[in-house]
Amino acid sequence: MSREKKEKKVYQTPAEKRKNIAFNILAVVLCCLFLFPIYWIVVNSFKIDSEIFAKIPTLWPHEFTLKAYGEQFGALGTTLKNSIIIAVGSLVISMVLSVPAAYGLAKYKIKGGKFFILIFLTTQMLPASLVLTPLFLIFSNLELLNTYLAPILSTATISIPFVVLMLRPSFLSISTELVEAAKIDGCGTLRAFFKIVVPISRPAVITAGCFGFVYAWNDLAYSMTFNTAENMRPMTSAIYTFMNQYGTKWNSIMAYGVLLILPCVIIFVTMQKYIVEGLTSGSVKG
Amino acid sequence: MPDSPFQIGGIAVKKREKGRWVGYAFVLPAVIYMLVFIGYPIIYNWVISFQDATAYTLKDAGRAFIGLTNYQTIFADPTFARSIQHTFIYTIGCLIIQFTLGFALAMFFSKKFTLAKPIRGLVVISWMLPVTVTALVFKFMFSQDSGIINTILMNLHIIDEPVGWLLSGGTAMAVLIIANSWVGIPFNMLLLTTGLNNIPLDVYEAASIDGATKKQQFFMITVPLLKPTIMSTLVLGFVLTFKVFDLVYVMTGGGPVDSTEVLSTYSYKLSFQQFQFGQGAAAACVLFVCLFIVALIYLRTISKSEVD
């Protein structure tokens, strides 16, 4: 921060100004190229069939239509509901378990603390495909297949380690005196946690919640495997089935895609600064 | 257990003990959850891989143990060997592209210009999107008939007629690598940027006073000082790429024929298309061993600096 402030005061020579402009232009071009796939999803969702099937794709819909969206709405209700239930359920489990865990690992000297961190670090790296078969057999025996519980319980395992690792550093920076002072004032440990620790770290906790939601919302492997019944599928596995059925009706597929990326984009745009920071600390630091 | 005000020494002891229990109460639920839903299934996965587990024996309480039969079956299957090969080709291809371009972008955006920070943040959005949608849009862009990539390349006269990118093995793998890099490049950039920001500026100032060129500064200062970050970025990138499932499953389904089959899709198909759960578990165990070795390397590289 201080580094940047210093630079703003420095007088820019004409050569530096030109360099600044050139770099900005290059950055904008790179950014546009990079974000093109997102543009392509959105633009094609507004095209009519004949434009989609044309040999030469148009960069902009010549005839703007919402028909592709209209065709989705019949099937959409159930899958949207399923996606929301799964993502919110997973978010709740993940937050209830991992926010206290991150705090405990940051602020309490417990035996095996390092080992627990290692458990989160390793489990974070293990993919769904490792546990799909055993979890399928376990859920099958518990009669949990084709219920909301199966994808909720399994997708929470994606976000818990990430959230713990992401939140621990921000809890480390809370001053212990503050919590102690609250306790002296008669606050119990739990109350101090909810009334002081969580509010102080609100941006971090909210960011963690966003990741908890997005990880479950984006999941395909678990939901597709455990919930094969059509009325229990979330949007990710529904769009995949849809693609297999309708092959090249790309306007409909992309309309579905827009609805699927919408929450992620909204979360990203509103919380960008925190998300980018959280992504780094959740992925690498212990 | 009411603390009597008379036992002053006792209170102190109790307080410390209580403190420890509170710590465990905070941490253990999450740890137990992960052990139940990830730890136990991984162990159970090994058990299944030695069992005669198919759709017919799914509900049986005691499935027969059949030793190494599942492993023998998959090792005898040429597709298995090919899927291991594909997984490595895919991972290494992705790592090379992601890392070099991610590094280049990290260097570029560490220059001081007005839009450096906002745009650097913006490109990370690809990381937030569902891989399913990423896979679909790349499939669409690279499709033979109405794909934008074919149109662009034909207008540039690089190709004469539309290419069926996903219809032959080599190009399908290339497209998979490109699609994955779209997500991987910003991620690598982000991690490397964090490392770059930690290098103190005065080191460069001192070097340029001593007459070091930009190239010398890069190889003599940036790379050596960035080495820990480079190591963890590469290893983390390896693990995250090696485990690929959604992208391949949605874009090519392992095809055409089995030319883009990777370990995770191979295991998935055995378990959930052929209902050979034992064999699917055995393939997943092979995937586990590969990941575990890399994970150990990763934990060793970061354990000194990060966990403490």
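## Two chains and a perpendicular helix pair

In this predicted model, H2(A) and H6(B) are roughly perpendicular to each other, because angles of 65 to 115 degrees count as such and theirs is about 85°. H2 spans residues 14–44 of chain A and H6 covers residues 131–141 of chain B, with their axes 10 Å apart.

Who does the touching? On the chain A helix, the contact is made by Pro37(A), Trp40(A) and Ile41(A). Facing them from H6(B) are Val133(B), Val137(B), Phe138(B) and Met141(B). Sort these residues by class and you get 7 nonpolar, no polar and no charged.

Now step back to the whole meeting of the two chains. Here 80 residues of chain A are in contact with 75 residues of chain B. Which helix gives the largest share of the chain A side? That would be H13(A), residues 250–283, with 13 residues. By class, the side of chain A that touches chain B splits into 56 nonpolar, 20 polar and 4 charged residues.

As for chain A itself, its secondary structure comes to 13 helices and 0 strands, so to speak an α after α pattern when read along the sequence. The C-alpha atoms fill a box of roughly 75 × 70 × 30 Å along the principal axes. Of the 286 residues in chain A, 47% count as buried. Among contacts in chain A with a separation of 6 or more, 76% are between residues 24 or more positions apart.

The UniProt record, an unreviewed entry, adds some labels. For chain A it lists "transmembrane region" at residues 21–42, 84–103, 115–139, 145–167 and 253–271. For chain B, the UniProt annotation "domain: ABC transmembrane type-1", also from an unreviewed entry, covers residues 84–298.

Here is how some of those annotated stretches look in the model:

| Stretch | Helix | Strand | Distance between end C-alpha atoms |
|---|---|---|---|
| Residues 21–42, chain A | 100% | 0% | 30 Å |
| Residues 115–139, chain A | 92% | 0% | 28 Å |
| Residues 84–298, chain B | 75% | 0% | 21 Å |

The entry for residues 21–42 of chain A leads back to the start: UniProt lists that stretch as a transmembrane region, and H2(A) runs over residues 14–44. Pro37(A), Trp40(A) and Ile41(A) are the H2(A) residues that meet H6(B).

Technical notes
Residues numbered from 1 in each chain as written. Chains lettered and ligands numbered in written order. Predicted model: local features only at pLDDT ≥ 70, side-chain atom pairs only at ≥ 80, totals over all residues. Axes fitted to C-alpha atoms, helices over the stretch in contact; angles between N-to-C directions. Helix = DSSP H or I, 4+ residues; strand = E, 2+ residues; numbered from the N terminus. Parallel < 35°, antiparallel > 145°, perpendicular 65-115°, else oblique. Contact = placed C-beta atoms within 7 Å. Nonpolar A, V, L, I, M, F, W, Y, C, P; charged D, E, K, R; others polar. UniProt positions renumbered as here; feature names shortened; annotations may be inferred. Buried ≥ 20, exposed ≤ 12 C-beta atoms within 10 Å, placed from the backbone.
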